[in-house]
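Work through the exercises below with the sequence and the model open beside you. Try each task before reading its solution.

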Amino acid sequence: MKLDITLFGALPFRRISKTAKRQRRTHLKKTAPTVTTCSNCGAVVAPHRACTKCGYYKGKEAIKVSKEETK
Ligand SMILES: [Zn+2]
């Protein structure tokens, strides 16, 4: 019986060794999330987003933040 190679699709020629896999992944690292501080209230906020504490963005109130949501 002849095996039909097209059934398996494209596969790696051989298994990547533990060492080769780990050496490749030495460049993959988790990075700390980039944060900035709000210019209005000084809270730590994500960049290019309105402040979640006071709703300010670029010196203006961009969104309304209700007191129930901030608790
Ligand atoms: Zn703020």
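Three exercises follow, each with a worked solution.

This is a predicted model, in which local features need pLDDT of at least 70 and side-chain atom pairs count only at pLDDT 80 or more, while totals for chains, interfaces and linings use all residues. Residues are numbered from 1 along each chain as its sequence is written.

**Exercise 1. Describe the secondary structure and the confidence of the model.**

Solution. Begin with the elements: the protein has 2 helices and 4 strands, where helices (H or I, at least four residues) and strands (E, at least two) are DSSP runs, numbered from the N terminus. Read from the N terminus, their order is α-β-β-β-β-α. Next take pLDDT, which is the predictor's confidence in each residue, from 0 to 100; its mean over the protein is 85, and 87% of the residues reach 70 or more. Confidence is highest in helix α1 (residues 18-25), at 96, and lowest in helix α2 (residues 67-70), at a mean of 58. Where pLDDT is low, the predicted coordinates should not be read in detail.

**Exercise 2. Examine the backbone angle phi at H48 and K58, and place both residues in the chain.**

Solution. Start from the general rule that most residues other than glycine have a negative phi. H48 is not a glycine, yet its phi is positive, at about 65°, and K58, also a residue other than glycine, has a positive phi near 55°. Then locate them: H48 sits in the loop between β2 (44-45) and β3 (56-57), whereas K58 belongs to the loop between β3 and β4 (60-61). Finally, compare sequence with space: H48 and K58 are 10 residues apart in sequence, and their C-alpha atoms are 9.1 Å apart.

**Exercise 3. Decide how H48, K58 and S66 are classed: buried or exposed?**

Solution. First recall the cut-offs: a residue is buried if 20 or more other C-beta atoms lie within 10 Å of its own, exposed if 12 or fewer, and partly exposed in between, with C-beta atoms placed from the backbone. H48 has 9 other C-beta atoms within 10 Å, so H48 is exposed. K58 has 9 such neighbours inside 10 Å and therefore counts as exposed. S66, in the loop between β4 and α2, has 8 C-beta neighbours inside 10 Å and so counts as exposed. For the whole protein, 3% of the 71 residues count as buried.
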